[in-house]
Amino acid sequence: FDPMSSQPEGAGAARPAGLGRRLAAMLYDALLLLALLMIATAVFLSFTGGEAVRWSTSPALFLLHKVVSLAIIVAFYGVFWTRQGHTLGMASWRLRVQRTDGSRLGWGDTVRRLSAAVLSWLPAGLGWLWCLFDREHRTWHDALSRTRVIVVPKSRGTKTTVR
């Protein structure tokens with residue numbers, strides 16, 4: 001565990017995201033991801049006659065289903081994080097994930113961050129709760145993957161008027 005004690009240069013204006021925003025964005029993204037996983041599972045169900053995909057029924061199909069599900073999860077986050085720096089849920093809460101130097105994540109960063117996020121959940125979510133005590137609001141997976149989640153400032157030039 002290598003805690004990063006300093007913010008990157010030029011990041012003074014970037015405010016670290018708190019736990020509430022992170023969890024809210026994660027809930028939004030979980031709904032989108034769940035829909036994608038349900039579609040993929042529906043495709044697999046067509047090969048089992050509507051029965052659950054089980055190891056005892058077809059080990060090969062079961063393993064393929066797990067691999068495809070994992071690929072969907074990595075692709076979901078990877079496409080958003082490497083291209084835009086945020087998922088749809090993160091954009092709704094004005095959050096962006098970036099490397100500690102302020103640059104956009106690559107695919108390797110994405111895999112490291114997702115793997116480390118699993119470790120953050122394992123001890124009853126302690127790795128996520130850590131951001132409540134960390135001076136820079138980092139979770140374990142932020143520190144382990146050398147990334148951070150920041151709050152994107154509101155645009156001053158655009159106002160939305162409801163009519």
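**Exercise 1. Place L126 in this predicted model. Which helix holds L126, and is L126 buried, partly exposed or exposed?**

Solution.
Step 1: Find the helix. L126 lies in helix 5, which covers residues 126–129.
Step 2: Recall the cut-offs. Buried means under 20% relative accessible area, and exposed means over 50%. Partly exposed is in between.
Step 3: Apply them. L126 has 40% relative accessibility, so L126 counts as partly exposed.
Step 4: Look at the surface. L126 belongs to a nonpolar patch with L129, W130, L132 and F133. Together these residues have about 520 Å² of accessible area.

**Exercise 2. Describe the largest pocket. How many residues line the largest pocket, and which helix gives the most to the lining?**

Solution.
Step 1: Take the volume. The largest pocket holds about 560 Å³ of space.
Step 2: Count the lining. There are 24 residues. Nearest the centre lie M26, Y77, W81, L114 and A117.
Step 3: Trace the elements. Helix 1 (19–48), helix 2 (59–83), strand 2 (95–99) and helix 4 (107–121) each give two or more residues to this lining.
Step 4: Pick the main contributor. Helix 4 gives the most, with seven residues.
Step 5: Sort by type. The lining has 19 nonpolar, two polar and three charged residues.

**Exercise 3. Read the whole chain. In what order do the elements run, and what percentage of the residues is buried?**

Solution.
Step 1: Count the elements. The chain has six helices and three strands.
Step 2: Write the order. From the N terminus on, the elements run β-α-α-α-β-α-α-α-β.
Step 3: Take the buried share. Of the 163 residues in the chain, 37% are buried.

Technical notes: Residues numbered from 1 in each chain as written. Predicted model: local features only at pLDDT ≥ 70, side-chain atom pairs only at ≥ 80, totals over all residues. Heavy atoms only, no water. Patch = residues over 30% accessible without salt bridge, like charges linked within 9 Å, V, L, I, M, F, W, Y side chains within 5 Å. Areas by Shrake-Rupley, 256 points an atom, 1.4 Å probe, with all protein chains shown as cover. Salt bridge = Lys/Arg side-chain N within 4 Å of Asp/Glu carboxyl O. Helix = DSSP H or I, 4+ residues; strand = E, 2+ residues; numbered from the N terminus. Buried < 20%, exposed > 50% of the residue type's maximum accessible area, 1.4 Å probe, protein only. 1 Å grid on protein atoms, 1.4 Å probe; cavity = no way out; pocket = protein on both sides within 12 Å on 5 of 7 lines; lining within 4 Å. Points joined across faces, edges and corners; volume = space filled by probe spheres on them. Nonpolar A, V, L, I, M, F, W, Y, C, P; charged D, E, K, R; others polar.
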